[in-house]
Amino acid sequence: MGGRAACVRWATGFGGGDEMHPRHVDVRFVGPDGVMVQKPWRTAVGELRLMEGPMVRGFPLRRGRRLAPGWWWSATTSRLVGCGSAAMRNAVMMLDQDPQVAGMVSRPVEFVWEARGRIVTHAPDLAVVEAGGGIRLVDCPGSGGPSARLVGRARVVEAWAREAGWEHQFADTVNPVVLANGRWLSVYRHPRCSVGIPAARLRGAFAQPTALGEGVLRLGDPIATLPAVYHGLWNGLLSMAWGPSFERGDPRERCASRATEAGRAVKRPAGVVEVGDRIRFDGGIHVLAGLDGPRCRLVAEEGTGVQVLLLTQVLGAQDFAVLDASRPGRSRVPVHGPLDGLDAPVREKALAWERHILEVETGHIGSRRDWPPRPGYDPAVYGLAEREAAKAAELTAAGEQVSVATVRRMRARYREQGVWGLVDGRLKRERSAFGRADPRVVTAIKQALEEQQGRSTGTLSRLRRQVGWLLEDAHGTGVVAVPPVATFNRLVRSVAEQEGLALTAAGERRRASRPVPVFTPTVATLPGELVMMDSTLLDVMVVCEDGQARRPELTMAVDVATRSVTAAVLRPKGTKAVDAAVLLAQTLVPQPMRPDWPAYLSMAASVIPYTRLVSIDARVEGAAAKPVIRPSTVVIDQGKVFVSRCFLAAAEHLGITVQPCPPASGHAKGHVERGFGAIGTLFAQYVAGYTGTHLAARGSSVEDEACWTLPQLQDLLDEWIVCGWQERRHERLRHPLMPRLTLTPNEMWAALTGIAGHVPVPLNGADWIELLPSRRCAISDEGIRFEHRTYDGPALNGHRHASTATDGKWEVHHNPYEPWRCWVRLPLGWAAIEWIHRGLVSQPFTDTTWRHIRSVVTRRTDRAGHEEHLARRLDELLRRAHTGHTDAKSSSRASTAADSAGVPGRRVGAKRTRRRKADTDMPDSPAGQLPPVDEDTCTTSNTAGSPSSAGAWNIFDAHQEAQQW
């Protein structure tokens, strides 16, 4: 591609830094056994396996930044690559697109040496393996370039890397136009985007230079073919000039490219135009009033019209010419902006003086040059001194004492400062933000506020005493008085606001979590380009299977471009990593229509192009009216659920980039945070068992109002998202070609699908297993054992004690919501292995319930006997919980839940009849020790079927998904 070379490389040979050239250098890396190893460089260079080792050192997590270190999914390696900054993410993106790159990994090694009596370490940001076998170590400085310290360390690394035949360089600074186009195409970097269109057919459609739209229509429906074309542009199968240097192509693209260059280099182009020049454009005479990036502001001399145009449009006009260049110190641009802050009489007086000055200099009043000059002001008849005397006489006769010297002085001010110079100087004096406060007091307050940063919050009276002590130490006792209390409090707030200092510890934390200005909104132009995920407690009480009323936890994903809720899952409090991982898969699956939903909620009855989508993706047939969005980048917070190994493995398997936010930075994922608030006001407050947004708003009998079970509330939420959220107009959603038209999320997705296309992502049973948590286990004669459970089956025969891995173990995946089964990756594929005591347990259970049984049952026999005893006690607990015979509190809840399970339309606030406890549990019975808050054991109400059914897991059934394909 022509734009790939449009970059500037930071040289590594310039001096700087305080690092000496060491005689000995060690290197740290993670060995095959996962242990950190430090060896001499010359010895370790032959042992390094760059593409297999993890990072030796993570990236720092700093508050106040918009984004935290994340992971880029590389199409080159099909793995996640760590990124510590935006500059590094851009470098990884460009390397991922380079056909000469065969692989890359983040910080696989760290160099260690001694310089000036201290240990110095440096871990290059990236290690890049080229297609020819060469290796490059890359550091990614920010936009300001590498620091002297980084340059010094990079020189040491470069010198020692050269001994091994390696190279070192700093990342390229990419042109903004190339970077913007690269981000667009990176959404289509996954190989699945090219499925369905052979490469030969793609080349044939663009054998000759062809417009993008014309070539796409040759291939077929744009919704189906656009992703393949974008993928071809990404991997180099197709080419186009997408940088700032192309000469042919779409005129709109050419204009946009040059405008970007103008924004960086044409703010004051030498020898071309400057602010204040008189130019000819579009048949008229204008004054160049200002430059703002690629735009310019023109003021017409004839009339008062103001135009804002692209500078390239003005410079490219056929009649463009610079008529009168502005001279230094003189501004021809009418400056009216500062006058807006003055009183109306002062402003009118200045404008009146401007008219008088123009009449003296030109003979005309204002810009009307078609009127003849008044007597005494014609420049062809009277000299300048005569015109000045005539003006002074005129103003004096009108009642204003003005001399000829005053007229000359006002002319000089107007020549130097424009209209602003005609304003009385006493009225232009800038007022201090602190009023008439003593500057010494202001300095002492600032010092006291700076000293209390990081300390616990105190009162203003304490601060006032501290300011008094500072004034006494600096100026002496009684020299500078502390202002009165009220005045002092107002002054403190003004100083804190002006200096950016916090008055409280909470305010300091809020300020520290804010991103560094300038603040810019989060923008996405493609569906799936940015998807934000988060979890929160829903303000509704639900009845769990143990009869207790609790608030469920809502995990939701929101697409930024369309504001669509791509997936929303309710789980008991304490969402697991597998919940978030499977939520990613749910965004790729169409929402099925429920039997009791009306027909108008189907995708076929909506504005979504259903007929065209069915021809591409057969899964949408009979689906509900909700978009199927393929996430490219997921924005998450620092919750352990989202940054877990299970979630990252799921993202890597699905080809999704993961971008975390810094701690305490809800603004970085404001779309999903605001979505939680909208669900609370538009949905939750109309549901029985609503708790209110805070404790003070909670009713006295919320637990008694709760009548919905978790699966029933999930069904209600799914239906509301389809009919309520997706069909509700959003103020921020505007049609790309009709910006005044507000759209619904479904309408926005339909509009963007025409330029983004649609890529179906079918999932099978193996994909479902890949999303589950994994661990390494050995296969012994007894089978696979973990968490005091033993799994065994015929599929393990021939593989016992036969692992070829260095640790002698196998990869095992398990579902915390179905712990009676696990999956082991064998040479021929996945094998499902059952728990040996599954037949002793009659009801589905979760890992949380199993851990509870382990904590209350004492071991009195060998390992095999203890496991069987745990299974029997677990069955006893599940039978009691299923019938409601647990403890005094849960029995009534369980019976009520069973009664209300079949009454989903129960009215809000309806009182339920409590049933007395049928029997009493023994004190030492596990059923009597059921935990009051079982965070993970709530299953669906349809658990009476087969244990292997999806009844215990109501989020996503990949086996059923595979049957549809």
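A: Let's start with a term we will need straight away: two strands pair if DSSP finds at least two bridges between them. Keep in mind, too, that the model in front of you is predicted.

Q: Thanks! Which sense do strand S2 and strand S3 pair in, and over how many bridges?

A: Strand S2 spans residues 26-30 and strand S3 spans residues 36-40, and they pair in the antiparallel sense over five bridges. To follow the register, begin with aspartate 26, whose bridge partner in S3 is proline 40.

Q: Which residue in the hairpin of S2 and S3 takes a positive phi?

A: That residue is glycine 34, with phi near 80 degrees. The hairpin has five residues between its strands.

Q: Which strand do three bridges join to S2?

A: Strand S7, and the two run antiparallel. For a landmark, look at valine 27, which stands opposite phenylalanine 111 in S7. From S7 you can carry on to strand S8 (residues 118-122), since these two also pair in the antiparallel sense, over five bridges. There, valine 112 stands opposite threonine 121 in S8.

Q: How many residues lie between the strands in the hairpin of S7 and S8, and which residue takes a positive phi?

A: The hairpin of S7 and S8 has two residues between the strands, and arginine 116 takes a positive phi near 60 degrees.

Q: Is S7 mostly covered or mostly open?

A: A general idea helps before we look: in a regular strand the side chains alternate between the two faces of the sheet. As for S7 (residues 110-115), the strand is mostly covered, with five of its six residues buried.

Q: Now a torsion question: where is aspartate 282 placed, and what is its phi?

A: Aspartate 282 sits in the loop between strand S13 (278-281) and strand S14 (284-292). Its phi is near 55 degrees, a positive value in a residue other than glycine.

Q: Why is aspartate 282 called exposed?

A: Exposed means a relative accessible area over 50%. Aspartate 282 has 61%, so the label exposed applies.

Q: What about histidine 801: which loop holds it?

A: The loop between strand S29 (789-791) and strand S30 (810-815). Phi of histidine 801 is near 55 degrees, again a positive value in a residue other than glycine. Histidine 801 has a relative accessible area of 61% and is therefore exposed.

Q: Is threonine 790 buried or exposed?

A: The cut-off for buried is under 20% relative accessible area. Threonine 790 has 8%, so this residue is buried. Threonine 790 lies in strand S29.

Q: Which residues does threonine 790 touch?

A: Not counting residues up to four places away in sequence, threonine 790 touches Glu782, Ile784, Arg785, Glu834, Trp835, Ile836 and Glu867. You can also check a C-alpha separation: threonine 790 and alanine 864 are 74 residues apart along the chain, and their C-alpha atoms are separated by 8.8 Å.

Q: How is arginine 493 classed by exposure?

A: Partly exposed lies in between the other two classes, that is, between the 20% and 50% cut-offs. Arginine 493 is partly exposed because its relative accessible area is 47%. Arginine 493 is found in helix H15 (residues 485-499). Leaving aside neighbours within four places in sequence, arginine 493 is in contact with Leu460 and Leu503. The C-alpha atoms of arginine 493 and leucine 503, ten residues apart along the chain, are separated by 8.0 Å.

Q: How many cavities does a search of the whole structure find?

A: The search finds six cavities of 30 Å³ or more. The largest cavity has a volume of about 150 Å³.

Q: Which residues lie nearest the centre of the largest cavity?

A: They are Pro527, Arg630, Gly757, His758 and Val759, out of 14 lining residues. By class, the lining has ten nonpolar, three polar and one charged residues. Helix H23 (residues 745-756) contributes the largest share of the lining, with three residues.

Q: To zoom out, how many helices and strands does the protein chain have?

A: The chain has 28 helices and 32 strands. Of its 965 residues, 47% are buried. Its accessible surface comes to about 47,100 Å², and 52% of that belongs to carbon and sulfur atoms. Finally, consider contacts between residues at least 6 apart in sequence: 66% of these join residues at least 24 apart.

Notes
Residues are numbered from 1 along each chain as its sequence is written. This is a predicted model: local features need pLDDT of at least 70, side-chain atom pairs count only at pLDDT 80 or more; totals for chains, interfaces and linings use all residues. Side-chain values use heavy atoms; hydrogens and water are left out. Helices (H or I, at least four residues) and strands (E, at least two) are DSSP runs, numbered from the N terminus. Buried means under 20% relative accessible area, exposed over 50%, partly exposed in between (1.4 Å probe, protein chains only). Contact means heavy atoms within 4.5 Å. Accessible areas come from the Shrake-Rupley method with a 1.4 Å probe; for residues, only the protein chains shown count as cover. On a 1 Å grid over the protein atoms alone, a cavity is a set of points where a 1.4 Å probe fits but cannot get out, and a pocket is an open set with protein on both sides within 12 Å along at least five of seven lines; lining residues have an atom within 4 Å of a point. Grid points are joined across faces, edges and corners, and a volume is the space filled by probe spheres set on the points. Ala, Val, Leu, Ile, Met, Phe, Trp, Tyr, Cys and Pro count as nonpolar, Asp, Glu, Lys and Arg as charged, and the others, Gly among them, as polar.
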